[in-house]
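Please report on the cross-links and strand pairing of this protein. Keep it short enough to read at the bench.

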Amino acid sequence: MQVLLVFLSVIIALSLGSKLPLSGTQHLNIHQRIHKGKYAHTGQFPYIVSLLTVEGTKGFPCGGSIIDHNWILTAAHCTHNKDWVQIFYGTTEKWKSEISHVVSSDNIIEHEHYDNRTLENDIALIRTPYVEYSELVNKVSLADRENDYVGAWSIASGWGKNEYGIEQENLQFIDLQIHSKMNCWNYIYKPSDTIICVAPFVGEGDSGGPLITRDDPKLVGITSFVGDLSGFTRVSAYLDWIRSHTGLQ
């Protein structure tokens, strides 16, 4: 265990990578920040997990959401080409928890049409050992298929850098209103039923994290990219894909 902790401390100190999302949209990137967020208290968001994704000797921070005892939902750009992932449950502190699991790339299911250049179909599943639910660890329900959630208030959370570029060791969250599809389409220069847009908020380390409706909490989005608007993978567009791989109903 001590050897693993030392290894992880080295990984964490390594530099982060970046990529250009959505072809033709030079004003977007995945170095995202939670702007003017509030600190979460323990147990406030029991569905969120902190991820350390590792490729070779480089470690990358991401977030994810518990959708079942054995499954985490996150962004494909978080898991792409990664060798293994460590998952930290039930904590507001980044990479610190009493419950954690390390899983190999064999347990990562990336969307078969994910494009690492444009970030289209930016969604992935991580199969995990069975995790018991508690006050600190619990699943979140998936979005409703027929609801586009336009105008709905939502909550985004994560451990990403704040607006000053300062690393955050404690979980932050912010309330955001979901934009119309037209606003989103105008921003990314193409119609898309697989993306939700909100005002910018997210940062390095927030990728893959949840966007949850504030009333009647449902997982509606997965943090994907940021610019003048932030883009989330629209979960309702991938319900069949999720269920075909997990067996969830």
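Is the link of cysteine 184 and cysteine 197 right-handed or left-handed? With 55 degrees about the S-S bond, this link is right-handed. The answer comes from a predicted model.

**Disulfides**

The structure holds two disulfides. Counting bonded cysteines along the chain, the pattern is 1-2, 3-4.

Take the pair of cysteine 184 and cysteine 197 first. Their sulfur atoms are 2.0 Å apart. Cysteine 184 sits in helix α3 (residues 181-188) and cysteine 197 in strand β11 (residues 195-198), so the bond ties together parts that are 13 residues apart in sequence. Cysteine 184 has a relative accessible area of 2%, so it is buried. Cysteine 197 has a relative accessible area of 1% and is therefore buried.

Now the other pair. Cysteine 62 and cysteine 78 are joined with a sulfur separation of 2.1 Å. This disulfide is left-handed, because the torsion about its S-S bond is about -90 degrees. The pair links distant parts of the chain, with cysteine 62 in strand β3 (residues 58-68) and cysteine 78 in helix α2 (residues 76-79), 16 residues apart. Both cysteine 62 and cysteine 78 are buried.

**Strand β13 and its partners**

Strand β13 spans residues 219-225. How many of its seven residues are buried? Seven of the seven are, and the strand is mostly covered.

Strand β13 pairs with β12 (residues 210-213) through three bridges, and the two run antiparallel. Proline 210 has isoleucine 222 of β13 as its bridge partner. The hairpin of β12 and β13 has five residues between the strands. In that hairpin, aspartate 216 takes a positive phi near 50 degrees.

Strand β13 also pairs with β14 (residues 230-234), again antiparallel, through four bridges. Here isoleucine 222 stands opposite threonine 233 of β14. Isoleucine 222 thus faces proline 210 and threonine 233. Four residues lie between β13 and β14 in their hairpin.

**Salt bridges**

A search of the whole structure finds seven salt bridges. The table gives three pairs, among them one that involves helix α4.

| Salt bridge | Closest N to O distance |
|---|---|
| Glutamate 169 and lysine 94 | 4.0 Å |
| Lysine 190 and glutamate 120 | 2.8 Å |
| Aspartate 240 and arginine 145 | 2.9 Å |

Where do glutamate 169 and lysine 94 lie? Glutamate 169 is in the loop between β9 (153-158) and β10 (172-177), and lysine 94 is in the loop between β5 (84-89) and β6 (99-104). The two are 75 residues apart. Glutamate 169 is partly exposed, at 43% relative accessibility. Lysine 94 is at 7%, so it counts as buried.

The salt bridge of lysine 190 and glutamate 120 joins two loops. Lysine 190 lies between α3 and β11, and glutamate 120 lies between β7 (108-110) and β8 (124-127), so parts 70 residues apart in sequence are tied together. Lysine 190 is partly exposed at 31%. Glutamate 120 is partly exposed at 34%.

Aspartate 240 and arginine 145 form a salt bridge that links distant parts of the chain, 95 residues apart. Aspartate 240 is in helix α4 (residues 239-246), and arginine 145 is in the loop between β8 and β9. At 52% relative accessibility, aspartate 240 counts as exposed. Arginine 145, at 40%, is partly exposed. Elsewhere, salt bridges that share partners join Asp144, Asp216 and Lys218 into one network.

Notes
Residues numbered from 1 in each chain as written. Predicted model: local features only at pLDDT ≥ 70, side-chain atom pairs only at ≥ 80, totals over all residues. Heavy atoms only, no water. Disulfide = S-S within 2.5 Å. Buried < 20%, exposed > 50% of the residue type's maximum accessible area, 1.4 Å probe, protein only. Pairing = 2+ DSSP bridges. Salt bridge = Lys/Arg side-chain N within 4 Å of Asp/Glu carboxyl O.
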